Number of protein chains: 4
Amino acid sequence: MQLLLDLDSEVPIYQQIRDRVVESVADGTLGPGASLPSTRQCAVDLAINFHTVNKAYDLLRREGIIRINRKSGAVIHPDVGRATPELRASEDWRPRLRVLLAEAVVRGVPEAEVAAYVRSALDGFALGRADEEKDGGD
Amino acid sequence: MQLLLDLDSEVPIYQQIRDRVVESVADGTLGPGASLPSTRQCAVDLAINFHTVNKAYDLLRREGIIRINRKSGAVIHPDVGRATPELRASEDWRPRLRVLLAEAVVRGVPEAEVAAYVRSALDGFALGRADEEKDGGD
Amino acid sequence: MQLLLDLDSEVPIYQQIRDRVVESVADGTLGPGASLPSTRQCAVDLAINFHTVNKAYDLLRREGIIRINRKSGAVIHPDVGRATPELRASEDWRPRLRVLLAEAVVRGVPEAEVAAYVRSALDGFALGRADEEKDGGD
Amino acid sequence: MQLLLDLDSEVPIYQQIRDRVVESVADGTLGPGASLPSTRQCAVDLAINFHTVNKAYDLLRREGIIRINRKSGAVIHPDVGRATPELRASEDWRPRLRVLLAEAVVRGVPEAEVAAYVRSALDGFALGRADEEKDGGD
DNA sequence: GTGGTCTAGACCACA
DNA sequence: GTGGTCTAGACCACG
């Protein structure tokens with residue numbers, strides 16, 4: 001997992017780390033159980049503050065996306081992509097998604113183009129299909 | 001136009017106002033040329049400070065979504081939904097959209113459910129279709 | 001003289017009127033002694049408030065660019081383009097010009113392009129050359 | 001960077017700050033990557049409110065002239081003077097320049113004097129030439 | 001009446 | 001330490 005950060009972005013760094021992890025999990029780069037670098041190593045690699053990485057990992061943990069063990073460090077939660085109560089707890093992606101779609105439409109992007117982008121993005125995600133293979137489809 | 005704000009949200013109030021206006025434009029509640037309440041009136045209605053409304057309107061103006069006129073106040077920009085260069089300037093909705101889709105998938109939401117939600121949201125937007133009906137697509 | 005106003009511009013209307021008159025004088029559309037429409041007529045033509053036109057005319061009068069008589073209305077000052085003390089009084093076009101040039105350069109416009117635009121603009125002004133013809137050059 | 005403000009000017013303070021920064025960038029006083037004082041420090045130095053500095057910096061950021069970073073504060077954008085799409089976005093310096101040139105001519109300033117001033121101002125700008133010398137024009 | 005500017009102080013988020 | 005947000009009140013410019 002190669003993290004590319006934009007230190008000048010208005011998006012907080014810890015949020016960027018969290019977002020990149022989420023995307024990596026979705027597209028299959030980081031499968032359930034995969035290890036994340038230690039907070040200190042990650043901080044060194046990205047040339048950022050150790051506490052910032054810590055904050056990102058803590059956020060991911062609270063979202064139920066990773067597990068943190070004292071020994072093995074941070075790993076992707078085994079239930080990721082499984083619709084467990086904890087993961088489904090937050091449904092606020094819906095209103096946020098609606099705002100983004102509205103913004104694109106208001107900016108004059110044809111609905112077909114938006115829909116096509118959504119389709120291509122979803123097609124690029126391996127998480128759902130991996131499940132189908134393993135347990136024959138939910 | 002009825003704005004519902006969540007004063008306890010971590011999303012800044014001025015951002016919420018901006019988002020609600022964008023959604024209203026997308027779903028046709030606020031058509032091109034429609035008037036927004038004056039900054040001070042809006043502030044009274046929402047029981048917030050007028051400077052906060054001011055910031056939201058200023059943001060919308062800079063995005064090319066509204067026009068601000070000293071005598072008639074703020075109105076929806078006539079070119080909204082038209083793919084003018086100014087409106088299309090920012091294409092960063094793509095990466096932001098990808099993150100949100102990834103988050104939903106990671107949370108275990110089936111891709112079909114995400115796709116369905118996107119479709120229903122886009123179907124609820126009247127902005128694109130209104131043009132086609134009225135002038136056959138200028 | 002045909003005035004085109006942008007009522008949504010951040011530039012005040014009275015300033016826009018003043019600017020258009022100045023440009024018309026420079027390019028020869030309005031020569032020394034030429035009549036301007038009456039404030040009331042102008043207000044009707046432009047569909048704006050009478051006081052706004054009044055303010056623009058007053059500004060032009062204070063700058064020494066027009067004369068206002070009770071009988072003949074507003075006319076371009078006969079000394080316009082002549083470097084009279086009143087007209088030369090304000091030299092603040094220099095710092096303002098410098099800022100604009102700096103802005104263009106900072107935005108990446110090649111100096112040659114800026115210089116070329118200045119030359120073409122000056123070439124389009126008939127005011128200086130009219131003098132040369134009449135009194136053989138200063 | 002020494003900013004001189006005219007608190008009695010009709011030009012808003014935040015605009016003056018923005019203009020001084022733009023000029024400093026153009027004449028090479030502030031090169032790409034150079035640091036600006038923190039908003040609060042700058043406010044103390046200029047004996048004005050920090051919100052006013054904030055507004056100036058925000059304006060410069062939106063114009064693509066500076067970058068604002070939570071840890072290192074504000075720095076001149078590395079692409080300044082490079083004709084990137086964002087910087088070239090606004091071409092409205094042309095009409096504003098034309099008005100200023102017209103004003104000078106109307107005030108009786110000989111075209112040659114105006115042209116000479118423009119030339120000297122552009123010659124005083126190091127931004128374009130610095131590139132040529134350093135890397136032969138990227 | 002409208003929006004814009006400046007000041008001021010408190011609180012929070014980020015690194 | 002940095003910047004960002006919200007609140008508050010006074011004053012001005014515009015139409």
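Helices (H or I, at least four residues) and strands (E, at least two) are DSSP runs, numbered from the N terminus. The model described here is predicted, so local features need pLDDT of at least 70 and side-chain atom pairs count only at pLDDT 80 or more, while totals for chains, interfaces and linings use all residues. Side-chain values use heavy atoms, with hydrogens and water left out.

Chain A holds 7 helices and 2 strands. Their order from the N terminus is α-α-α-β-β-α-α-α-α. Along the principal axes, the C-alpha atoms of chain A fill a box of roughly 50 × 45 × 25 Å. An unreviewed UniProt entry annotates residues 11-79 of chain A as "domain: HTH gntR-type". UniProt positions are given in the numbering used here, feature names are shortened, and annotations may be inferred rather than shown by experiment. The span of residues 11-79 is 51% helix and 12% strand, and its end C-alpha atoms lie 28 Å apart.

DNA strand E has 23 residues around it. A residue is near a strand if one of its heavy atoms lies within 4 Å of it. K55(A), I13(D), Y14(D), H51(D) and K55(D) come nearest. Three chains each supply at least two residues from named helices: helix 1 (13-26) and helix 3 (50-62) of chain A, helix 2 (39-46) and helix 3 (50-62) of chain B, and helix 1 (13-26) and helix 3 (50-62) of chain D. By class, this surface has 9 nonpolar, 8 polar and 6 charged residues. Ala, Val, Leu, Ile, Met, Phe, Trp, Tyr, Cys and Pro count as nonpolar, Asp, Glu, Lys and Arg as charged, and the others, Gly among them, as polar.

Of the atoms of DNA strand E within 4 Å of the protein, 67% belong to sugar or phosphate; the rest belong to bases. Polar contacts (pairs of N or O atoms within 3.5 Å; within protein, one must be able to donate a hydrogen and the other to accept it, and residues adjacent in sequence count only if both atoms are side-chain atoms) reach the phosphates. The side chain of K55(A) places an N or O atom 2.7 Å from a phosphate oxygen of DNA strand E. For K55(D) the distance is 2.6 Å. For S38(B) it is 3.4 Å.

DNA strand F is likewise surrounded by 23 residues, and I13(B), Y14(B), H51(B), T52(B) and K55(B) are the closest. Sugar and phosphate make up 67% of the strand F atoms within 4 Å of the protein. Y14(B) has a side-chain N or O atom 2.6 Å from a phosphate oxygen of DNA strand F. A polar side-chain atom of K55(B) also lies 2.6 Å from a phosphate oxygen of this strand. R40(D) addresses a base: its side chain has an N or O atom 2.8 Å from a base nitrogen of DNA strand F.

Between chain C and chain D, 48 residues of chain C are in contact (heavy atoms within 4.5 Å) with 46 residues of chain D. The buried area, the accessible area (1.4 Å probe) that two parts lose on being put together, summed over both, is about 4,700 Å². Carbon and sulfur atoms give 64% of this area. The interface has 14 salt bridges, each a side-chain nitrogen of Lys or Arg within 4 Å of a carboxyl oxygen of Asp or Glu. One of them joins E113(D) and R94(C) at 2.7 Å, N to O. Polar contacts link 18 residue pairs across the interface, both residues at pLDDT 80 or more. On the side of chain C, helix 5 gives the largest share, 14 residues. That side divides into 27 nonpolar, 4 polar and 17 charged residues.

Notes. Residues numbered from 1 in each chain as written. Chains lettered and ligands numbered in written order.
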